[in-house]
Amino acid sequence: MDKEKKRSLSEVAADYVREQILQGKLAQREKLVENDIAVTLGMSRGPVRDALKQLMYEGFLDYETNKGYSVTMLSPKDAYEIFFLRGNLENLALERCGGRLLSDSIFLMEDAVLAMKEAVSEDDMGKIIQYDEIFHKQILLSGQMERLTSLWETLSPLNGAMFYTIKQINGYVSEEQVDLDQEDIAAQAGRRGNNYLEHKWLLEILQRGNLEQSRSAINTHYIANGERIYRIGMKMKNQELFYHV
């Protein structure tokens, strides 16, 4: 019972800090103080400490010895590199399986997309990130190369920070309607900013088992989107709307 209570308190603390970051109430590189969070939430420091460790794994926080936790900083270039690497690793896995994903993987991806739909409706970014990881990992597992999957997993701790960067940029584009976004196919199709619709579209293509179509979809999802994030992010940086590295 005590263990279950502690787990629940840790989740409450993680949800609180995650939302503070995603809503822009905690700036990138801002230091977090365990005791302050514990007092705000009316709990002991133990669950808060567990929550901060979880958020570090999700990529929202960095940790330095003798300095503690701070909000992760990702530049537009960092975000682009993560997109580029994840996309190319997933394309390698698709080549290994000839574009034909394992039936068990497709089943798990379908479940992840349905769960993502609910998470999007609840605006639960933590769950969206969780189901995004489950969805994309199935592509790697279908490639059946353990080292390839392990390489992809090394990027997982940055996924939360990457989502935060995307959220910043999509919010900016929604307000400004910058010229850079005029050729954004996902935006024209109504998928931009909706993780459920984007992954539903991607799954429909992957289920066809056509290697070239699947690679093209992954390139659109990751690499073209990464280039878009980089261009708009640099525009924001030049206007001092993006935190400098």
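Reader: Which residues does Glu34 touch, leaving out residues up to four places away in sequence?
Author: This is a predicted model, so keep that in mind throughout. Glu34 is found in helix H2, which covers residues 34-41. Setting aside residues up to four places away in sequence, the ones Glu34 touches are Arg45, Val48, Arg49 and Leu52.

Reader: Is Glu34 buried or exposed?
Author: The cut-off for buried is under 20% relative accessible area. Glu34 has a relative accessible area of 15%, so the label is buried.

Reader: Which residue forms a salt bridge with Glu34 at 3.3 Å?
Author: The partner is an arginine, with the closest N and O atoms 3.3 Å apart. The pair links distant parts of the chain, 15 residues apart, with Glu34 in helix H2 and the arginine in helix H3 (residues 45-58). That arginine counts as partly exposed at 34% relative accessibility. The name you want is Arg49.

Reader: Glu34, Arg49 and who else share a network: which residue is joined to them by salt bridges?
Author: Glu34 and Arg49 already pair up through a salt bridge. Salt bridges that share partners bring one further residue into that network, and this is Arg45.

Reader: How many salt bridges are there by this rule?
Author: The rule asks for a side-chain nitrogen of Lys or Arg within 4 Å of a carboxyl oxygen of Asp or Glu. Arg49 with Glu34 fits, at 3.3 Å. By this rule the count comes to 10.

Reader: What is the distance between the closest N and O atoms of Arg86 and Asp132?
Author: Start with where they sit: Arg86 is buried at a relative accessible area of 0%, and Asp132 is buried at 4%. They form a salt bridge, and the closest N and O atoms are apart by 3.6 Å. The pair links distant parts of the chain, Arg86 being in helix H4 (residues 76-96) and Asp132 in helix H6 (residues 125-143), 46 residues apart. So, going by the 4 Å limit, the pair qualifies at 3.6 Å.

Reader: Why does the pair of Glu95 and Arg215 tie together parts that are far along the sequence, and how many residues apart are they?
Author: Glu95 forms a salt bridge with Arg215, the closest N and O atoms being 2.7 Å apart. Glu95 lies in helix H4 and Arg215 in helix H11 (residues 211-238), so the parts tied together are separated in sequence by 120 residues.

Reader: Are Glu95 and Arg215 buried or partly exposed?
Author: Glu95 has a relative accessible area of 41%. For Arg215 the value is 23%. Since buried means under 20% and exposed over 50%, Glu95 and Arg215 are both partly exposed.

Reader: Where does the largest nonpolar core lie with respect to the domains?
Author: The core has 61 residues, and those touching the most other members are Val17, Ile21, Leu32, Leu52, Leu61, Phe135 and Leu206. Domain 1 (9-71) and domain 2 (76-238) both give residues to this core, so its place is between them. As background, nonpolar side chains in soluble globular proteins tend to be buried together. The location, then, is between domain 1 and domain 2.

Reader: Which residues does Leu32 touch, not counting residues up to four places away in sequence?
Author: Leu32 is one of the core residues that touch the most other members. With residues up to four places away left out, Leu32 touches Val17, Leu26, Ile37, Leu52, Leu61, Tyr69, Ser70 and Val71.

Reader: What accessible area do Phe107, Leu108 and Ile134 have together?
Author: Phe107 is found in helix H5 (residues 103-121), and counts as partly exposed at 48% relative accessibility. Along with Leu108 and Ile134, Phe107 forms a nonpolar patch on the surface, and their accessible area together is about 250 Å².

Reader: How far apart in space are Pro47 and Ala14, C-alpha to C-alpha?
Author: Pro47 is found in helix H3 and is buried, with a relative accessible area of 4%. Pro47 and Ala14 are 33 residues apart in sequence, and their C-alpha to C-alpha distance is 9.0 Å.

Reader: How many helices and strands does the protein chain have?
Author: From the N terminus on, the elements run α-β-α-α-β-β-α-α-α-α-α-α-α-α. That comes to 11 helices and 3 strands.

Methods:
Residues are numbered from 1 along each chain as its sequence is written. This is a predicted model: local features need pLDDT of at least 70, side-chain atom pairs count only at pLDDT 80 or more; totals for chains, interfaces and linings use all residues. Side-chain values use heavy atoms; hydrogens and water are left out. Helices (H or I, at least four residues) and strands (E, at least two) are DSSP runs, numbered from the N terminus. Buried means under 20% relative accessible area, exposed over 50%, partly exposed in between (1.4 Å probe, protein chains only). Contact means heavy atoms within 4.5 Å. A nonpolar core is a set of buried Ala, Val, Leu, Ile, Met, Phe, Trp, Tyr and Cys residues joined through side-chain atoms within 4.5 Å. Domain bounds come from an automatic or database domain assignment. Patches are made of residues with over 30% relative accessible area and no salt bridge: like charges are joined within 9 Å, nonpolar side chains (Val, Leu, Ile, Met, Phe, Trp, Tyr) within 5 Å. Accessible areas come from the Shrake-Rupley method with a 1.4 Å probe; for residues, only the protein chains shown count as cover.
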